[in-house]
Amino acid sequence: MSKNLMIVESPAKAKTIEKFLGKDFTVTSCYGHIRDLSKGDAAIDVENNYLPNYVVPTDKKSVVKELKDLAKKAETVWLATDEDREGEAISWHLCEVLGLNLEETKRIVFHEITKPAILKAVGSPRNINQDLVNAQQARRVLDRLVGFKISPILWRKITRSGSLSAGRVQSVAVRLVVEREREIRNFESEDFYKVVAAFKLKDDTGKDVVMKADLPRRLKSQAAAEEFLESCKGATFTIKDIQLKPVKKTPPPPFTTSTLQQDASRKLGFSVSRTMIVAQKLYESGLITYMRTDSTNLSELARATAAEQITKSFGEEYTFPRVFKTKASGAQEAHEAIRPSYFEKSEAGSNDDQKRLYSLIWKRAVASQMSDAKLERTNAKIEVSTNGEVLSAKGEVLKFDGFLKLYRESAIDEESEEDKSDMLPPISVGQTLDLKTARATQRFTRPPARYNEARLVRKLEELGIGRPSTYAPTISTIQNRNYAVKESREGALRKYVELVLFGEGEAEGNVVKPIEKQETTGAEKNKLFPTDIGRVVNDFLLKYFTNIFEYNFTAEIEKQFDEIASGNRVWNNVIDEFFQPFFKVVEHTMENAERESGERPLGNHPKSGKPIIARLGKFGPMVQIGTVDDEEKPKFAKLRAPLSIDTITLEQALELFKLPKILGAYEELEVKVNEGRYGPYVMHNKKFYSIDKEKDPMTVTLAEAIQLIDIKREEEKKKIIIDFEGEDIQVLNGRYGPYIKAGKKNVKIPKDKEPAELTLEECKELIEKAPEKKKRGRSKKAK
């Protein structure tokens, strides 16, 4: 055993670090957190200064035993967990569980897993930073209190399924998604007309080219557009003024956690969680610096190394060392931006995902130390002689590419209409232009864009909600809890009008001609949509816990955590200031809040006159005909996406009640399709065949149903080991091994019995001896 034991979080990180240290070090992994808050109400002693009760999970007991054995044999224990609050907390828990002396245990931190960085860290160890530990502990305790106090209210007041939960940050993220969806639905689009003229010119080589110019203002109606084009008939179009303006573009700073997540989403199509998983692997392999950071700073050495690489690859004129100031106040994670560990490596990674993300990180970090791009923008003003209007033609020439040689920043919103300026042909003031066409195209104002994962992270960061370590878990949680879904949806066709004035030299010259066209609108790719359960939970929380889920309040709590990390606040006091008023609201809500189902009346049934409502039920959103007070039981139908409680119409609701639907006959027996608690299914000869949950049962054909029945029968045949003719007894291969099926009863086969050799008598004996299954239900407590 080596004199020194170094503990890190992951085996991959341990393997990389061990290469840099000599035989005196044994590097091992604790596999993340080795203990956590206990389950249930005993986790936090509210009466005893919010003292947390930590336990070692069952799956970590063997790890802890091994670490204890190694620690006893070592002269010195080094804790090299990540440098953020979470990493500091892991080191503290290791000290507590392994019985290590806080004063003697050496804590080291580093931003990158390279030999110089590791050796430097070993040369300057420190003690555990208790302030960072307390900040992490405060977050954990506060979030547990919120979750464990509010979640039972949701189970009682919304659904008893026990699947609902509330979280300080996750609930605010859901609120953003819900409110954006309502903004979109309440948005009333207005049409307008945009005018673009095309002029025929010659370029430097004498080749025919077209130059476009637009009317800077919008025209509010088709009549106004027609009037404008009519007024342009026979007009002379003269260049009144040409303005040349030199401009420069500055490279963006190197990546923080949130900007990496956003760019990887836009350029690589990565989800937020996928980005962080890949980045973690790159970090543990020693290829990039720590990936949870809100700093844009690069070390002096990193800037010098980047400059050397830029000069070598592109030339000295492309090098421009610069220091970026971190915008995030109280940036509390790593002290450097995300960058490559070795700038000379332009490519790295063990698989395609790693290679693509590494390339993005390398280009962004290198580009941040490159020269500005220099451009010349041209703006030509073109006067229309007949109406005095002025059109504008814009062009752009790249004089020096600078950082653009390596990296181009993508648009924040793919919906944003950027001015794409091409180079203008040779023109001069006083020049008369030859009109080819002038088009007035009907356009429509657009609602705000739905959030995708990257845009939601950006919004959370803007509001000061969450920190680099919480963005990915928050985005994953709201989807795992089914409060929001990430979907791509097809758009709808929309007609629009284009009015065209052809120039005098054209075949249809001096005529305004209306052309009707169509386009697809409203298509969405990988956007976040709130679910019905997400909307109902959000509205309930905002109604009864207004202050706690306000954006400013959540951001203020984050600042309090930063204060704890800086040693300026006592963590227990911060928790107490929150908990005392919060608990009063919890008690009031549990006692006084009414049950919430998001109920929405749709109208009455055209034949029975019974009310039809859309609401949230025990198993999800549904439509209901009638009430519990009627003589007949109410009828229910499951709501399928993209239908929702907020949007479904009476006509759509009535369609849902056409199930069960008879498709026809197969083998002289009726075939039906229906939707049940666990999804859609086909029924034939008293047997049920599940359909893919994504399939709309109303679209299933008889041919598809027969194909499904035949496939399932073949699958069932493969399961049969013995089929006793004339008896309702079979020996089957099941998911967990062979078993006996007798009607609706399933019987386990003893291990000493060979399933294929069982006789009918042996099967009957086993069936008779098998205990009866206990009926499910709530046990009544003895009075």
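Trainee: Let me start with one pair. Which residue of strand 30 is the bridge partner of K741?

Mentor: N746 is the partner of K741 in strand 30. Keep in mind that this is a predicted model. A single bridge is one rung, so look at the whole ladder next: four bridges join strand 29 (residues 737-742) to strand 30, and the two run antiparallel.

Trainee: What is the strand order of the sheet that holds them?

Mentor: The order is 27-28-29-30, in an open sheet of four strands with antiparallel pairing. Strand 27 (720-723) and strand 30 (745-748) are the edges. Each has a single partner strand, so one side of each lacks a neighbour in the sheet. Neighbouring strands are turned by 25° against each other on average, direction ignored.

Trainee: And the side chains along a strand?

Mentor: In a regular strand, side chains alternate between the two faces of the sheet.

Trainee: Which helices lie across these strands?

Mentor: Two to inspect. Helix 18 (residues 702-719) lies across strand 27 and strand 28 (729-734), at about 80° to strand 27. Helix 19 (residues 760-769) lies across strands 28, 29 and 30, and runs at about 80° to strand 28.

Trainee: Now a hairpin. How many residues lie between strand 9 and strand 10?

Mentor: Five residues separate the two strands of this hairpin. Check backbone angles in the turn: G206 has a positive phi of about 90°. Then check the ladder. Seven bridges join strand 9 (residues 191-202) to strand 10 (residues 208-214), again antiparallel. One example pairs V196 with D214 of strand 10.

Trainee: How do I test a helix for regular length? What should helix 14 span?

Mentor: Use a rise of 1.5 Å a residue. The 13 residues of helix 14 (residues 532-544) should then span 18 Å. Its end C-alpha atoms are 19 Å apart, which agrees.

Trainee: Is helix 14 enclosed, or left open, by the rest of the structure?

Mentor: Count buried residues. In helix 14, 11 of the 13 are buried, so the rest of the structure largely encloses it. Among them are D532, R535, V537, F540 and L541. The buried residues pack against helix 5 (130-157), helix 6 (170-186) and helix 16 (571-592), and also against strands 18, 20 and 21.

Trainee: Which residues touch the most other members of the largest nonpolar core?

Mentor: M6, F110, L154, L357 and F545, out of 150 residues. Helix 5 gives the largest share of this core, 11 residues. Take L154: beyond four places in sequence, its contacts include Y483, V537, F540 and L541. Of these, V537, F540 and L541 are also buried residues of helix 14. Another core, of 31 residues, lies apart; V195, A213, L435 and V497 are among its members.

Trainee: How many disulfides are there?

Mentor: Zero. The test is two cysteine sulfurs within 2.5 Å. For C95, the nearest cysteine sulfur is that of C30, 11 Å away. C95 is buried at 2% relative accessible area. C763 is buried too, at 0%.

Trainee: Last one, a loop residue. Where does R640 sit?

Mentor: R640 is in the loop between strand 22 (635-638) and helix 17 (650-656). A loop position does not settle exposure, so compute it: R640 comes out at 15% relative accessibility and counts as buried. Contacts fill in the picture. Leaving aside neighbours within four places in sequence, R640 touches E675, P680, K693, E694, K695, D696 and P697. R640 and G679 are 39 residues apart in sequence, with 9.9 Å between their C-alpha atoms.

How values were computed
Residues are numbered from 1 along each chain as its sequence is written. This is a predicted model: local features need pLDDT of at least 70, side-chain atom pairs count only at pLDDT 80 or more; totals for chains, interfaces and linings use all residues. Side-chain values use heavy atoms; hydrogens and water are left out. The expected span of a helix is 1.5 Å times one less than its number of residues. Buried means under 20% relative accessible area, exposed over 50%, partly exposed in between (1.4 Å probe, protein chains only). Contact means heavy atoms within 4.5 Å. Two strands pair if DSSP finds at least two bridges between them. Axes are lines fitted to C-alpha atoms, for helices over the stretch in contact, and angles run from 0 to 180 degrees between N-to-C directions. A nonpolar core is a set of buried Ala, Val, Leu, Ile, Met, Phe, Trp, Tyr and Cys residues joined through side-chain atoms within 4.5 Å.
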